[in-house]
Structures are given as C-alpha cells and as structure tokens.
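Reader: Please take me closely through one part of this structure, and then set that part in the context of the elements around it in the chain. I would like a connected account rather than a list.

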Amino acid sequence: MNGKRFFRTIQVKLVIIYLLLILVAMQLIGVYFISTMKTSLTDNFTNNLKEQADILSKLAARNLAMKPSSDSEASSESAEDLSLVVRNLFSISGTEVQVLDGNGRVVATSLQVAESYIGKKNTSLAVSRALQGISDNEEEVIDENGVRKKIIALPVTYNDNERVVGAVYMVASMDSLYDTVNRVNQIFFSGLLIALGLTGLLGILLAHTITSPIQGLTRQAAAVAEGKFDLQVPVLGDDEIGRLSMAFNDMTKRLKEALSVNEEENEKLGSILSNMSDGVIAADEHGQVIIWNRRSLEMLEVQSCEGCSLSELLGLTEPMLRELQQGKQQTVILSREQETDEPEGVLRATFTPIHRRDKGITGTIAVLQDITEQEKLEQSRRQFVANVSHELRTPLTTIKSYAEALDDGALAERELSERFVGVIRNETERMIRLVTDLLHLSRLDSNQAPLRRRQTNVHEMLDEVADRFSFQLRQKSIRASIRVDRSLKTAWLDRDQIDQVLDNLMSNAIKYTLDGGTIELGAQKPDPASIAISVKDTGIGIPKKDLSRIFDRFYRVDKARSRNMGGTGLGLSIAREIVKAHGGTISLNSELNEGTTVTFTLPALQEDGESA
C-alpha cells in the first residue's frame, strides 16, 4: 500500500512527466534529424553518381557514335581509350562503371576483374530503359552478400538530334553511407541516456519545491473545512502556488459578496438581452409575454409587447403554441407579408420551455432569427440545381434516344447511323462545354482563379480577338472594326481571362448578327481612373423585359435558338464574374432588331504608356 501511495504522489508524477517529455522530445528530434541526414546523404550520393555518369556519357558519346564497320582498327583504339578513361578517371572505391554500346554490350569497365564482361550484353532493366532514351533510371538493391547498392543507368546521346548511341551503367556500394547513419544513431542513444539521468535528478529537486507548499496549503484547507475561517495560508512566493494561497485567503471575502455579485449578473443579463442581434421573448405558463428585448420589437414591427399573448404576437394557433410550450416542437417559420402578398421577410422562432424544480414547465422563451437572406440563398441554390438538371437532362435524353435507335437497327444503315452518331457527338460536346463552364464559375465563386495581371497592349488585344473570329466573320459576311482612343495604349489586366470575356461577347455578337451586319470593338478612357471596352453589333437585339436578367446563370432570351447554336447560358455570367474579379462592372444596352452593345469597365491601375 505504501508503494502504491508513493507512486500516486505529485512528486513522483512530476518526475515521470519530465522523463517522458525528455524521452519524447529526444526521440522526435532524433527521428527527424536522422531521417533528414539519411535523405541528404542518399541524395548527395545519388547526385554524385549521376554527375559522374553524365560526365562519362559526354566523354563516351563520340566513341560510341563511331560505326564499327567503318574502321575496325580505329574502333578498337577508341574502345581502348574509353576503357583507359573509365579506369583512370572513374575508379571509385567499390563502384563498378560500365560503358555500353547501342545494343547493350559492354564496351569498357572500371574494374579489372570485370574485364571479362567486355563484349557481353547487359540485360538489366535499367540499361534497357536507358537505351530507350529514359534518363531517370535509378534503384537500390541488396546483392547476395547482403550489401546494399545503388544502380544508375544514363543514356548516351550524340549530336543535336539526341540520338541514343549507348548507355552508362554504374553500381556503387552504400555500406559507408549506412555505417555513418548507424554511428549517428549510437551517438543519439548515448545522449538520450545521459539526458534522462540528468532530468531525473533535476526533476526530483524541482518537484520537491512544488509539492512542499501544496502540502502546507492542504493542511490549512482542512482547517478551514472544520470552520476555522480566521486562519490565513502563508504566501511563500508570487508563482502559481503563491497566487493559489492568496486566492484561498480571499475565499471568505468572496462568500460575503455573493449577493452583490448576483445582482450584477442580473444587470449583465439584461444588457446582453437588449443588445442581442436576435429577438428574445419570454412568456409565462399562460402564454402572456413578460420579457422582451429591443430587437424583437424591430423584427415584429410592434411598439411594445406589454399585455400581449405569445400566440397573437407571433400569429400562432393555440394548439401549435401548446406543442411549442411543452417541447414537442421547437422551431417554427414565420413569414411577414406586404400588402402585395410578397414576402417581406422570414423569421425563424426557436422555443425552449422554462423548467422549475418541483413545478414543471413555468414558461417559454422564444428566440427570433431573421433568415430572409438565407431563404433567398436557398431559393437561388434550388433554382440553380433545377437549371443544371434541366440543361443536362435534355442532351442526355437525346443521346439515350439516338443510342437506342442505333441499338434497334439503325446501326445497319450507314448514312442514318453516321447522322445519329454525329448528333450524339454534338450533344456530348455540349455537355462538356456546360460542365467546363460550371467548373469555371465554381472557381470564380470560390476565388480559386487568381488574377495574373500584366501590361497589355489594348489595340493589339482587340486585333487578336478579331483575328480569332475572322473565319466566322467571313462566313456571315460580317464587317468587323476596331476603335481605340489614341490616349489608351496599355492596361494592367489578366490577359487570359479578359480574352475569355471578349471571346464570349464576340461569339454572341456573331451568333445574333444577320449576314452582312457589322461588329465594332472599342476601347476608351471615360475618366483617368478607368478603362471601358465594348462590343457593339447590329444584330437582332434583346427585348427590354429580358435585359434585367440577361446576366443570370442559364438565362436565355430565345431558349431553343440559343441551345441549337451551342450556347450553355453561362457565358455572360462567367464574363460578369471575371470583370467583377478585376474590380470592374459590366453592362448591356440593346434595342430589339437594332443591335446590342456590351460594355465592361476596368480600373486603370497604371498610367498609360508607363513601362512594365
């Protein structure tokens, strides 16, 4: 029993904690250091072998490029020279170096005992990969003697066409590297034992300085428990134990001040209720409102709740209110409507019964939260999901129908089957465009498409846009023109993303402009702090009733025609998000059967003409 009590003392626990902390810390440091050192040594060893193999491959390239049939004597001398170079310059201790020709035969080797391999073919996988022109060929193996070795094979190329004429094969022992790692392990283990011994001695001394004041505090606490409140605990220092002693001495005074503290807490509670962002209403067991805060009056749009019943105030029926008071139901949604019957706001009321000991439920607390914005976001999400589902269902239905027709026998008729396959291909490409646009919108919404601004020549950018659509313009005999203010030369913007905006606007302009029409690309500076770029066409235009929703996702003026032309209904939404990411705005002006002008304005981050 005494042994168990000894090990339960704080002094022993502190010593054990010190020892465990040192042990864990030393182990973590040792593992990290040894792992890092081993990785560094291995990398240096490998890089050294690679550098020497690369040097040897460059020296051997010319000799290996000589055709054996051209001059046998010269070829023999070349092989002897190569062997001399390998033995003299690359005689690494414990390393075997082989130079192989394009067929994998050994031409030269660094070890005398391995000269019998000359002329024989090296069939290792690393050599085969190197002869195929693959430069990343390295592996660690353990031979039959238990020696760990590093194998590296590099291709030997000749001339500018990078023709592979042979390979360099190196096998080096890694025993010295792992011996170094083992010695470091032994040093760390010895240091760990020394550190644990010193920590144990210091832990005993430090633990005694901590437990001695605690023992004195325990004796005084027992005396106070017996009713001796006149005793004072000696304060031996300003550390945690000293502050604990002072707190113990103040305990009696704190008991006397309990009532005053309780009143302060009531005042704090009242202040919190009056400044809460949520509305709070409390009612008694009869449903009469007894407490409310200012926010609840604002949310319910009433002057006062005095004398009101909870059911009338919130517009609840008596049976529903009873269920809420009894805790059978906790949440109810309240809708506030205008005279036009359009919902002005949505409130969520959460009810919590008030329980009192031996009396049951004595009242109800209702917390009101304004969830109007949440409901709008949820409605937008539902509409977005419905639109995506509809856009994907149409091409999927078409693909399924044509695939079933092909399966039912249309595949035997070549002309009909080719037309069906073409329809399936077009619908598939349409779904791919839709998914690509959705992913792009997702990245823009989550700020995962960072801007990469650079100085851009505005006139050159618009010229390139017109060039990209020159074929479509010629097909419809549409004349394109470019107008840029002379004062506007360069702008700082993300060229790729702005090109996407211009491509989208230009594509829409070409789609909805009749043959022989005109399209104008323009850029100007309406003020020194902004740049305005516009795309103006003489197309069919957009009705005024659709202008307010033209930038909504999946919104189409003429749904059937837009879908047949390959549109996804997301182009203008993507353009708006890109312009918004630049800190700009985009607007659209259109007259039916007269044309459309889309203008987006970007902030001018640098004066025109200034060097990048």
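Author: A good place to begin is the N-terminal end of helix α15, which is capped by D494: a side-chain oxygen of D494 lies 3.3 Å from the backbone nitrogen of D496. The model is a predicted one, and the distances given here are computed from it. The helix that follows this cap, α15, covers residues 495–511, and its 17 residues reach 24 Å from the first C-alpha to the last, close to the 24 Å expected at 1.5 Å a residue. Its buried residues include R495, Q497, I498 and D499 towards the start, and the list of buried positions in α15 goes on through V501, L502, N504, L505, M506, A509 and I510. In general, an α-helix has 3.6 residues a turn, so residues three or four places apart point the same way. That spacing can be followed in α15 through I498, V501, L505 and A509, which are among its buried residues.

Before this helix in the sequence comes a loop with an unusual backbone angle. S477 lies in the loop between α14 (470–475) and β12 (479–484), and S477 has a positive phi of about 55° although it is not a glycine. As background, most residues other than glycine have a negative phi. S477 is also exposed, with a relative accessible area of 52%, where the cut-off for that class is over 50%.

The strand that follows this loop, β12, belongs to an open sheet of five strands in the order β12-β14-β15-β17-β16, and the pairing in that sheet is mixed. Because β12 and β16 stand at the edges and have a single partner strand each, one side of each is left without a neighbour in the sheet. Neighbouring strands of this sheet are turned by 15° against each other on average, with direction ignored. At one edge, β12 pairs with strand β14 (residues 518–527) in the parallel sense, over six bridges, and within this pair S481 stands opposite E520 of β14.

At the other edge, β16 (residues 585–591) has side chains that alternate along the strand: I586, L588 and S590 point to one face and are buried, whereas T585, S587, N589 and E591 point to the other face and are not buried. β16 pairs with strand β17 (residues 595–603) in the antiparallel sense, over seven bridges, and S587 has T599 of β17 as its bridge partner. The hairpin formed by β16 and β17 has three residues between the strands, and in this hairpin N593 takes a positive phi near 65°. Like S477, N593 has this positive angle although it is not a glycine. N593 counts as exposed, at 63% relative accessibility.

Helix α18 (residues 571–581) precedes β16 in the numbering, and eight of its eleven residues are buried, so α18 is largely enclosed by the rest of the structure. The buried residues of α18 are G571, L572, S573, I574, A575, E577, I578 and V579. After α18 comes G583, whose phi is positive, near 85°.

A second sheet offers a comparison. Five strands form this other open sheet, in the order β2-β1-β5-β4-β3, and here the pairing is antiparallel, in contrast to the mixed pairing of the sheet that holds β12. Its edge strands are β2 (106–109) and β3 (138–142), each with a single partner strand, so one side of each is left without a neighbour in the sheet. Neighbouring strands in this second sheet are turned by 25° against each other on average, direction ignored.

Its pairs can be followed from one edge to the other. Three bridges join β1 (residues 95–101) to β2 in the antiparallel sense, with L100 opposite V106 of β2. Strand β4 (residues 148–158) is joined to β3 by five bridges, again antiparallel, and E138 stands opposite I152 of β4. Between β3 and β4 the hairpin has five residues, and G146 takes a positive phi near 80° there. β4 also pairs with β5 (residues 163–173) in the antiparallel sense, over ten bridges, and in that pair P155 stands opposite A167 of β5.

Two side-chain details close the picture. R148 lies over the face of Y178, at 4.8 Å from the ring centre, while a search of the whole structure finds zero aromatic pairs.

Technical notes:
Residues numbered from 1 in each chain as written. Predicted model: local features only at pLDDT ≥ 70, side-chain atom pairs only at ≥ 80, totals over all residues. Heavy atoms only, no water. Phe/Tyr/Trp six-rings, centres within 6.5 Å; stacked < 30°, edge-to-face > 60°. Lys NZ or Arg CZ within 6 Å of the ring centre and 35° of its normal. Pairing = 2+ DSSP bridges. Helix = DSSP H or I, 4+ residues; strand = E, 2+ residues; numbered from the N terminus. Axes fitted to C-alpha atoms, helices over the stretch in contact; angles between N-to-C directions. Expected span 1.5 Å × (residues − 1). Buried < 20%, exposed > 50% of the residue type's maximum accessible area, 1.4 Å probe, protein only. Polar contact = N/O pair within 3.5 Å; in protein donor to acceptor, adjacent residues only side chain to side chain.
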